[in-house]
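Me: I have a structure open here and want to go through its pockets, cavities, helix packing and odd backbone spots. Can you take questions as I look?

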Amino acid sequence: MNFAVVGVNHNDTPIHIRECVSFTDTQKIESINFLLDNGIQEVVILSTCNRSEIYIYSKNILDKVEIVKNFYEDFFNVSNIKKYLFCKVGQDSIRHVFNVASGLDSIVIGEDQILGQVKDAYDFSRQLGASKKVFNKLFREAITVSKDIKTTTKISQQPLSISYIGIKCLKDKIGTLEGKNALIIGLGKMSRLAMTHLQEENLNKIYITNRSYGKLQGLQNECENLIPIKFEDRYKVMGDVDVVISATASPHTVIKKENMPLLSNKLFMMDIALPRDIDKNLNHMENIEVYDIDDLKKISDENDKKRKELASCAQLIIQDKVEEFNSWLKAIKIDPTIQSLNDKCLDIREDTLDYIYRKLDLDCKEKKIIDKMLTSALKRLIREPILNLKQIKDSGKQEEYIKVVEELFDL
């Protein structure tokens, strides 16, 4: 089959490699254009804190997979990236799309955030013209299936986002967050989720900062104990907080060791960004402990076993949808033949009408009647062959019949 996915994710690739191949929107545009220019028909790039994956649809798929692998190496200039790249082709890659969109391939099984990220990745490619008929169908089906799974299995009923797990990790390390002070850096989805979950822990003060201070205005109306501060003041409050959670979209570290003050208080820092926000060398400073996304994998959540059971049920739903998609794929194989038959009929209709109109003196009403009757007759002529072609299950037999039809009708 003409599908493949190539990339890295949390399953086999450490964070220091993943952050080297994370795509910005500008890089996505450049990358998609490069891949399209190299003969790949459709492309979607999914880049999150846990994965960097390129989905492709094209003829000669194995050759195109090599193009993508070489692209990763050349574009990011990471010499050893190929040893981390995974590749799935055909049915495995189709199933992977469904699993990813449904949160079944996430660190936290069934988490919700990935669905929005898949939607955004698909929309991005669609707007660039890189997701066309086949990927439009595939990703729309995957998004729909994800919603069906969440409704049917309730797999994501409990809040188990990366932000939630990060706060749970900090809570386990400290013992309790009640009465503590925290600093949140960033104002994206994960930061807002972190803010929500911290509210549930009855903290004393929650400082929040962002590069654009204006975007922080009005947040105090959401939470009484929320204190917006300017981005340049982030180091000034380090001595007043017990917890720091950072989740920005910055390509560089936003908390650096050389700028950190000496602390008398114990400070726990959770970096849930990719590339990482917090200088890993802060771990060598006294009274500071830094954790990142990979540390979250070490946390055993009490709902994990139940979620895996529900994931098994979800796989049955996905299997049905994959089979439906495969049936659709087989059906669209005859689209060019159908189009050619319709074009053939159109040519016959135009030639015939032209001949009749030249030979007979007809008024407007009579011309419309003849046009309608001729068009209807021609449609009846090709209707049965088209229906029979669509009903053939065997792909090999279908291809043989397509060739026969094309030869018989001189298409």
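Reply: Yes. First a term for the element labels: helices (H or I, at least four residues) and strands (E, at least two) are DSSP runs, numbered from the N terminus. Also, this is a predicted model.

Me: OK, backbone first. Which residues does the cis peptide bond join?

Reply: The cis peptide bond joins Leu 274 and Pro 275, with omega at about 0°. Pro 275 sits in the loop between strand E9 (267-271) and strand E10 (288-292).

Me: What else is in the loop between E9 and E10?

Reply: Asn 287 lies there too. Asn 287 has a positive phi of about 70°, although it is not a glycine.

Me: Where is Asn 202, and what is its phi?

Reply: Asn 202 is in the loop between H8 and E6. Its phi is positive, about 60°, and Asn 202 is not a glycine either.

Me: Why flag these at all?

Reply: Because most residues other than glycine have a negative phi, and most peptide bonds are trans.

Me: Pockets now. How much space lies in the largest pocket?

Reply: About 1,000 Å³. The lining has 34 residues, and the closest to the centre of the pocket are Ser 47, Gln 117, Thr 248, Ala 249 and Leu 274. Leu 274 is also one of the two residues at the cis peptide bond.

Me: Which elements give two or more residues to that lining?

Reply: H2, strand E2 (42-47), helix H5 (113-128), helix H8 (189-199) and strand E6 (205-210). H5 gives the most, with 5 residues.

Me: And how does the lining of the largest pocket divide by class?

Reply: There are 16 nonpolar, 12 polar and 6 charged residues in it.

Me: What is the volume of the second largest pocket, and what lines it?

Reply: Its volume is about 420 Å³. The second largest pocket has 17 lining residues, and Asn 2, Tyr 57, Leu 329, Ile 332 and Lys 333 lie nearest its centre. Helix H10 (residues 304-332) provides the largest share of that lining, 4 residues. By class, the lining of the second largest pocket has 7 nonpolar, 5 polar and 5 charged residues.

Me: Now closed spaces. How many cavities of 30 Å³ or more does the structure hold?

Reply: It holds 3. About 80 Å³ of space lies in the largest cavity, and the second largest cavity has a volume of about 40 Å³.

Me: What lines the largest cavity?

Reply: The lining residues include His 10, Cys 49, Arg 51, Ser 106, Glu 111, Gln 113, Ile 114, Gln 117 and Ile 162. H5 supplies the largest share, 3 residues. The lining of the largest cavity has 4 nonpolar, 6 polar and 2 charged residues. Gln 117 turns up again here, having been listed among the residues closest to the centre of the largest pocket.

Me: How does the lining of the second largest cavity divide?

Reply: Into 8 nonpolar, no polar and no charged residues. They are Leu 46, Tyr 55, Val 97, Val 100, Ala 101, Val 118, Ala 121 and Phe 139. Helix H4 (91-101) and H5 each supply at least two of them, with the largest share, 3 residues, coming from H4.

Me: H5 keeps coming up. At what angle does H5 pack with H6?

Reply: H5 and helix H6 (residues 133-153) pack at about 165°, their axes 11 Å apart. An angle over 145 degrees counts as roughly antiparallel, so H5 is roughly antiparallel to H6. Their crossing is left-handed.

Me: Which residues meet there?

Reply: From H5, Leu 115, Val 118, Lys 119, Tyr 122 and Arg 126; among those they meet in H6 are Phe 135, Phe 139, Arg 140, Ile 143 and Lys 150. The contact of H5 with H6 has 6 nonpolar, 2 polar and 5 charged residues. Val 118 and Phe 139 both line the second largest cavity as well.

Me: Last one. How do H2 and H3 cross?

Reply: The axes of helix H2 (residues 25-37) and helix H3 (residues 61-76) come within 12 Å and cross at roughly 140°. That makes H2 oblique to H3. The crossing is right-handed.

Me: And which residues are in contact?

Reply: Gln 27, Glu 30, Ser 31, Phe 34 and Leu 35 in H2 meet Ile 67, Val 68, Phe 71, Phe 75 and Phe 76 in H3. By class, this contact has 7 nonpolar, 2 polar and 1 charged.

Note on methods:
Residues are numbered from 1 along each chain as its sequence is written. This is a predicted model: local features need pLDDT of at least 70, side-chain atom pairs count only at pLDDT 80 or more; totals for chains, interfaces and linings use all residues. Side-chain values use heavy atoms; hydrogens and water are left out. Axes are lines fitted to C-alpha atoms, for helices over the stretch in contact, and angles run from 0 to 180 degrees between N-to-C directions. Angles under 35 degrees count as roughly parallel, over 145 as roughly antiparallel, 65 to 115 as roughly perpendicular and the rest as oblique. A crossing is left-handed if the near helix is turned anticlockwise from the far one by less than a right angle, and right-handed if clockwise. Contact means heavy atoms within 4.5 Å. Ala, Val, Leu, Ile, Met, Phe, Trp, Tyr, Cys and Pro count as nonpolar, Asp, Glu, Lys and Arg as charged, and the others, Gly among them, as polar. On a 1 Å grid over the protein atoms alone, a cavity is a set of points where a 1.4 Å probe fits but cannot get out, and a pocket is an open set with protein on both sides within 12 Å along at least five of seven lines; lining residues have an atom within 4 Å of a point. Grid points are joined across faces, edges and corners, and a volume is the space filled by probe spheres set on the points.
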